[in-house]
Amino acid sequence: EIEISARLDNINHEFGKLESLSRATATKVDTAFAGVGTSLKSSLAGLAAGVSVGAFAAFVKNAVDMQDSLNDLSKKIGVTVEDLAGLSLAAKKSGSDLDSIAAAVNKLSVNMGKEPEKFKAIGISAKDPIEALKQLADVFVRIKDPQQRAAFAAEALGKSWAGAAPLLAEGGKSIGEMVEKGRTLS
């Protein structure tokens with residue numbers, strides 16, 4: 001009994017030392033990682049701020065690039081930047097894109113300049129390119145036969161008719177409303 005008791009006391013004493021050593025080590029590790037945690041938080045906050053500034057800078061650059069692009073396109077096809085912004089929204093809503101619509105408007109203007117009487121005969125007489133596009137759209141939707149509608153659009157717009165077809169299918173009134181909304185939003 002005495003021998004067992006002495007051994008238990010020795011074991012308890014050793015466990016006590018082990019516990020003290022473990023606590024000291026845990027405190028040292030905790031202290032060491034506390035600094036890393038603060039440093040890591042600061043680094044991540046700096047990174048987030050950098051990403052936010054970078055994202056904002058990219059947004060501004062894209063807006064400036066878009067404005068330059070609209071200015072260049074405006075000069076090419078004779079449509080105001082505000083109308084182009086409106087056409088851009090109309091194109092997106094109809095499932096088309098601004099480049100296709102701009103090409104169609106340009107081709108329509110060229111063809112109307114070459115043969116104004118031909119276009120007047122079918123009800124397209126507007127001098128304003130957007131108004132002419134709306135008139136074209138109204139004629140386009142009145143043609144029920146898909147093959148005749150495609151042939152008509154190809155005659156008026158050349159190769160660009162396919163890209164403009166989704167917008168033309170909306171009709172002139174709807175195009176006008178979308179363009180006006182796009183102007184307002186721009």
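Helices here are DSSP runs of H or I with at least four residues, numbered from the N terminus. The model is predicted.

**Exercise 1.** Place Ser-100 in the structure and find its partners.

Solution. Step 1: look up the element; Ser-100 belongs to helix 3, which covers residues 98-114. Step 2: check the side chain; Ser-100 makes a polar contact with the side chain of Asp-97, at 2.9 Å. Step 3: set aside neighbours within four places in sequence; Ser-100 then contacts Ser-160 and Gly-163.

**Exercise 2.** Describe how helix 3 and helix 5 pack.

Solution. Step 1: take the angle and distance; helix 3 and helix 5 (residues 129-142) pack at about 90°, with axes 10 Å apart. Step 2: angles of 65 to 115 degrees count as roughly perpendicular, so helix 3 and helix 5 are roughly perpendicular to each other. Step 3: list the residues; helix 3 contributes Ile-101, Val-105, Leu-108, Ser-109 and Met-112, and helix 5 contributes Pro-129, Ala-132, Leu-133 and Leu-136. Step 4: sort them; eight are nonpolar, one is polar and none is charged.

**Exercise 3.** State what sits over the ring of Phe-140.

Solution. The charged end of Arg-149 sits over this ring, 5.6 Å from its centre.

Definitions and conventions: Residues numbered from 1 in each chain as written. Predicted model: local features only at pLDDT ≥ 70, side-chain atom pairs only at ≥ 80, totals over all residues. Heavy atoms only, no water. Helix = DSSP H or I, 4+ residues; strand = E, 2+ residues; numbered from the N terminus. Polar contact = N/O pair within 3.5 Å; in protein donor to acceptor, adjacent residues only side chain to side chain. Contact = heavy atoms within 4.5 Å. Axes fitted to C-alpha atoms, helices over the stretch in contact; angles between N-to-C directions. Parallel < 35°, antiparallel > 145°, perpendicular 65-115°, else oblique. Nonpolar A, V, L, I, M, F, W, Y, C, P; charged D, E, K, R; others polar. Lys NZ or Arg CZ within 6 Å of the ring centre and 35° of its normal.
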